[in-house]
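Biologist: Before I rely on the labels attached to a model, I should like to hear the reasoning behind each of them. Would you take me through it, value by value?

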Amino acid sequence: MAKISTKVAARITTQLKRYQSVLAGLLKRDVSEADTVTVINDMLTDICGYDKYLHITSQYAIRGTYVDLAVKIDDDIRFIIEVKAIGIDLKDAHVKQAIDYAHSQ
């Protein structure tokens, strides 16, 4: 298993604690998918250390449709994220949508 530096571990721990209250507030307010995407984008930056202007792409096109977020490093898509509003229950159709995006990519 890969080792992470003390600095990175501290950033992850601090930011995860911070986002617990942020996410609880979003859930309580029952925010939209768009607002949830914004927070996930911020989490990728603050927790994972990605540069939101260099590494994260919103509405990434995949065969005529769009996935909510894609993380690109050196023009290589590392992973894609399909976001749903924080308050909804995920359904099999949502899983199929994510699988179809991954398969098409």
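The exchange below sets the labels of this predicted model against their criteria.

Biologist: What is the order of the elements in the protein chain, and how many helices and strands are there?

Modeller: The protein chain has three helices and three strands. Read from the N terminus, they follow the order α-α-β-β-β-α. The C-alpha trace spans about 40 × 40 × 30 Å along its principal axes, and buried residues account for 27% of the 105 residues.

Biologist: How do you know that strand 2 and strand 3 are paired?

Modeller: Five bridges join strand 2 to strand 3, and pairing requires at least two bridges; the criterion is therefore met. The two strands run antiparallel, and Val71 stands opposite Phe79 of strand 3.

Biologist: Why is the pair of Tyr50 and Phe79 called edge-to-face?

Modeller: A pair of aromatic rings is described by the distance of the centres and the angle of the planes. The ring centres of Tyr50 and Phe79 are 6.0 Å apart, and the limit for a pair is within 6.5 Å. Their planes stand at 65°, and an angle over 60 degrees counts as edge-to-face, so both conditions are satisfied. A search of the whole structure finds one aromatic pair.

Biologist: Which parts of the chain does this pair tie together?

Modeller: Tyr50 belongs to the loop between helix 2 (33–46) and strand 1 (56–62), whereas Phe79 belongs to strand 3 (residues 76–81). The pair therefore ties together parts that are 29 residues apart in sequence.

Biologist: What makes Phe79 partly exposed?

Modeller: Its relative accessible area is 30%. Buried would require a value under 20% and exposed one over 50%, so Phe79 falls in between.

Biologist: Why is the charged end of Arg18 said to sit over the ring of Tyr19?

Modeller: The charged end of Arg18 is 4.7 Å from the centre of that ring. The distance must be within 6 Å, and the charge must also lie within 35 degrees of the ring normal; the distance part is therefore satisfied by the value quoted.

Biologist: What is notable about phi in Asp30 and Asp74?

Modeller: Most residues other than glycine have a negative phi. Asp30 has a positive phi near 55°, and Asp74 has a positive phi of about 50°. Asp30 lies in the loop between helix 1 (6–29) and helix 2. Asp74 lies in the loop between strand 2 (65–73) and strand 3, a hairpin with two residues between the strands.

Biologist: Are these two residues buried or exposed, and how do you know?

Modeller: Asp30 has a relative accessibility of 53%, and Asp74 a relative accessible area of 73%. Exposed means over 50%, so Asp30 counts as exposed, and so does Asp74.

Biologist: Why is Lys84 called buried?

Modeller: The relative accessible area of Lys84 is 18%, and buried means under 20%; the label therefore follows. Lys84 lies in the loop between strand 3 and helix 3 (92–104).

Biologist: What does Lys84 touch, and what makes its approach to Gln97 a polar contact?

Modeller: Leaving aside residues up to four places away in sequence, Lys84 touches Glu33, Thr36, Leu90, His94 and Gln97. The side chains of Lys84 and Gln97 make a polar contact at 2.8 Å. The limit for such a pair of N or O atoms is within 3.5 Å, so the distance satisfies it.

Definitions and conventions. Residues numbered from 1 in each chain as written. Predicted model: local features only at pLDDT ≥ 70, side-chain atom pairs only at ≥ 80, totals over all residues. Heavy atoms only, no water. Phe/Tyr/Trp six-rings, centres within 6.5 Å; stacked < 30°, edge-to-face > 60°. Helix = DSSP H or I, 4+ residues; strand = E, 2+ residues; numbered from the N terminus. Buried < 20%, exposed > 50% of the residue type's maximum accessible area, 1.4 Å probe, protein only. Polar contact = N/O pair within 3.5 Å; in protein donor to acceptor, adjacent residues only side chain to side chain. Contact = heavy atoms within 4.5 Å.
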